[in-house]
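Got a new structure on screen and not sure where to start? Let's go through it together, one feature at a time.

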2 protein chains.
Amino acid sequence: MSENPLERILNPRSVAIFGASDKITTMGTYQLINILQGGFPGKVYPVHPNKEIVQGLKAYARAQDLPEAPDLAQIVVPTRSVPGVLQDLGERGCRRAIVISGGFKETGEEGMKLERELKETAGRFGIRFLGPNCIGVINPHLPLNTTMYHYFQKPGHMALASHSGTYVTQVLPYLKKRGIGYSRAISLGNETDIDVVDALEFLAGDEDTRAIALYLEVIRRGPEFIKTARRVSRTKPIVAVYVGGTEAGGRSGSSHTGAMAGSDEIYDAAFAQAGVLRAADMQSLYDWAFALSEQPRLPGPRVAIVTHSGGPATSLADACNRHGLEVPEFSPGLQKHLKELVPATGSSRNPVDVTFGVDMKALFLDIPKIILESGEVDGIILHGVGGEAYFREMDRVAKGNVNFPLDQMGGYMSYIAQELHRVCKQAEKPVVCSAFADRTEDPVIGEFQDLGIPCFETPEQAVRAMGALMLAGRG
Amino acid sequence: MSENPLERILNPRSVAIFGASDKITTMGTYQLINILQGGFPGKVYPVHPNKEIVQGLKAYARAQDLPEAPDLAQIVVPTRSVPGVLQDLGERGCRRAIVISGGFKETGEEGMKLERELKETAGRFGIRFLGPNCIGVINPHLPLNTTMYHYFQKPGHMALASHSGTYVTQVLPYLKKRGIGYSRAISLGNETDIDVVDALEFLAGDEDTRAIALYLEVIRRGPEFIKTARRVSRTKPIVAVYVGGTEAGGRSGSSHTGAMAGSDEIYDAAFAQAGVLRAADMQSLYDWAFALSEQPRLPGPRVAIVTHSGGPATSLADACNRHGLEVPEFSPGLQKHLKELVPATGSSRNPVDVTFGVDMKALFLDIPKIILESGEVDGIILHGVGGEAYFREMDRVAKGNVNFPLDQMGGYMSYIAQELHRVCKQAEKPVVCSAFADRTEDPVIGEFQDLGIPCFETPEQAVRAMGALMLAGRG
């Protein structure tokens, strides 16, 4: 079997950027900044028609002038110039490209003609390419980021392949705040050559990828998609958003990536056959893929809920039932055991509600441990993750009228987080959390996330992610 | 008609705190910090059995010792002591109370007996009270915050009445990041006396409140709720989350607030009769109530979508169709007009996609204005709100290799935001936005939100809020 074309595109030893510039109105400028400053260990060749230096690097006028055939060429030049650039690259010996430029089949008749020309030129030289009309790729493990947005989170285990470049790049601050990092991210664009099936095949063998998120406006090779996804989803869960199944979604997709979308019913059936979980929105896509890339499958439907807040306890319980999860009332023996750690005003039935208190070890470690050891549930949801942030805030507000021993509070939750992680891992049961805060506000949330314990901002998001962990286990 | 009991509870001239302390393990400590430091303009009386000074204030041992009958007494003392405290307060002439303490009917037989005693004592003196088992109230317009969480956002126009105190308080950082402020917030607890019907009646006449959010585990007075909500929702939209309709949700609610919940179907019918929009989760509850409190109703189903990103354009279009909204293809005349502002690689059909570019005025002002003036839509959704944050980040990353004129970028988006607000207001048509960032990351998002233009973190949230603006208009 020949090497998957994405292998070299995501792991090049050298990259040439056609359209690299110093001007801030040009996309190539931002892409070169990110490749150069993001720590890419290979060689970088800016290509510019008349500048000798671009961003401090020697620039080249044409492919012919490059000192070597680059492993990867990224092309962001005016639409009409793209086929010629590809021709030059082919002659220079380059065999992998990313075509960023838009203006092809998504814009109508003339663009369609240009896109055919692109494909023919590439075919003549055996060039495999992503796009056109895409935004590049991110491999944080190399690292390489050919997109126009800076990648500033930790490398993760969730891969993304997307018909939208925005969902690869514009979401980076959104994902960072939620502790979500990519293993690989691939902007597919118009899929004139490399498509989502190639991406699935590549990601199946990618060692950093444990779950796959897809944003789809269309599936162009239906039977191949189903066959490949069915095989891949057995070991790596796949979550997909599909937005082409409505009149307006289909029309917008055709303006965006030239997609000819199909009905929701057909896609639902295809996803079901392929073992692909369909998410209803982008929030769930990222949430679920993150949970699936870090947590084990939920081996059965029984979930424990542990919190210090009655409202979230009830929201979580209600949402569990709505998403096919059970919240079994604990056995009298287990309730009796838990009551040693739960005040009289709380509840030990499941949900466990310890009510207002400051004993974080009971809430986030001792109680979960007892529950997991009981064997009465298959997984656990915790609400209210937080460290000393609340106390720091109250200390600030109190203006010295109350004495908070903040120096004794730090670090303790780190220990709890690590122990919780160890206990759940040992039990081989998933844990997901929620808290109405993010890691920028409370570092403990970041510690949970970096240990692979998803911590979402609302209780219902935690439940839906746990639901995904159950459904993925059924494939 | 006698004054609604919540009038005085949310606007007291004096507050006594039973259970106020200097100890950081006690909830009353945090409540007193917030009342004292939050700027409450009235008198504050800590009540403590044996301390003479609490948080720097003179403390009183019992109700009898207070220098006046306080307008409001907040009680957070051990469960068994509550009826006695209420008795003392009644004798001292106090007629309004908030009972924070838990341990009543939500815990079983004995608690139920104590709760009856509480009610009888209050009844003897004509004391009207919130709770027990609640978390206090917030009136940011006074200001008064009797809860244990600091209130640090701007006063808003969305009121919240909730069976969960957590959804009043723990969410404050979550709401702040989203630009959402309360007009009033009321933690209902067990509703032994004052209940959600009283809250609706109070909020109907409250001048700072334009929309009402409810978190419900039960409705105890069904017919009165429907009658009152039907009347109130004609002028102030009401959104509700109900979590008692599942086995686990109902069970959890009974442990939480002693609620005997009813089936989903009955509640759906009740909400429909009452003109109450039912939200599926807390995210939607806050999102919708915020939009409804700041934006006009959507007068018809036709929505325009404007963005620089093809993915969000397609997600928005697809989600619109799924939520009963239309995304009509624009007339040839309007498309022609828009094409002057849209590059050849973009689309003017609706969604309008201007693709990558730096002309924020075209995107967020000129194009929306032309569309609104055309009369072809009833409302508008914009994706990609953002100012110079992206450029600042790229400037930092570029390390001087590219020259960004950051000094020329600031302030421009403020002008655009204000003009957009003016244009939409003049057209009397709603506008909602999305961007994968929050106001802490990009101040322009905060400017939009503070003008009353909701800006959500995902496209689908914007669509669902627009859907709420349509449904509320039908009441």
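What follows is a chat between a learner and a teacher about reading this model.

Q: Before we start, what kind of model is this, and how are residues and chains labelled?
A: This is a predicted model, where local features need pLDDT of at least 70 and side-chain atom pairs count only at pLDDT 80 or more, while totals for chains, interfaces and linings use all residues. Residues are numbered from 1 along each chain as its sequence is written, chains are lettered from A and ligands numbered from 1 in the order in which they are written, and side-chain values use heavy atoms, with hydrogens and water left out.

Q: How many helices and strands does chain A have?
A: Helices (H or I, at least four residues) and strands (E, at least two) are DSSP runs, numbered from the N terminus. Chain A has 19 helices and 19 strands.

Q: What does the radius of gyration tell me about chain A?
A: You take it over C-alpha atoms and hold it against a globule rule, 2.2 Å times the number of residues to the power 0.38. For 475 residues a compact globule would come out near 23 Å, and chain A, at 25 Å, agrees with that. Along the principal axes, its C-alpha atoms fill a box of roughly 80 × 55 × 40 Å.

Q: How much of chain A is buried?
A: Buried means under 20% relative accessible area, exposed over 50%, and partly exposed in between (1.4 Å probe, protein chains only). In chain A, 65% of the 475 residues are buried.

Q: And what share of the contacts joins residues at least 24 apart?
A: A contact means heavy atoms within 4.5 Å. Of the contacts in chain A between residues at least 6 apart in sequence, 72% join residues at least 24 apart.

Q: How are chains A and B related?
A: You superpose the copies by least squares on the C-alpha atoms of residues with pLDDT of at least 70 in both. Here, a turn of 180° and a shift of 0.0 Å along the axis lay chain A on chain B with an RMSD of 0.0 Å. The two copies are therefore related as by a two-fold rotation axis. In chain A, Thr440(A) has the C-alpha nearest that axis, 5.0 Å from it. Both copies use the same surface, since 100% of the contact residues of chain A recur in chain B.

Q: Can we zoom in? Which residues of helix α17 in chain B are buried?
A: In this helix, residues 443–450, the buried ones are Val444(B), Ile445(B), Gly446(B), Phe448(B) and Gln449(B). Their cover includes α6 (172–177), α11 (282–294) and α16 (412–427) of chain B, along with strands β18 (431–434) and β19 (455–456). Just after the helix, Gly452(B) takes a positive phi of about 90°.

Q: Is Thr458(B) buried or exposed?
A: Thr458(B) counts as buried because its relative accessibility is 1%. You'll find Thr458(B) in the loop between β19 and α18 (459–473) of chain B. Leaving out residues up to four places away in sequence, Thr458(B) touches Tyr174(A), Gln283(A), Ser434(B) and Phe436(B).

Q: What backbone features should I look for?
A: Most residues other than glycine have a negative phi, and most peptide bonds are trans. Glu428(A) is not a glycine, yet has a positive phi of about 55°. Glu428(A) sits in the loop between α17 (412–427) and β18 (431–434) of chain A, and is exposed at a relative accessible area of 60%. As for peptide bonds, the one from Gly131(A) to Pro132(A) is cis, with omega near 0°. Another cis bond joins Asn350(B) and Pro351(B), with omega about 0°.
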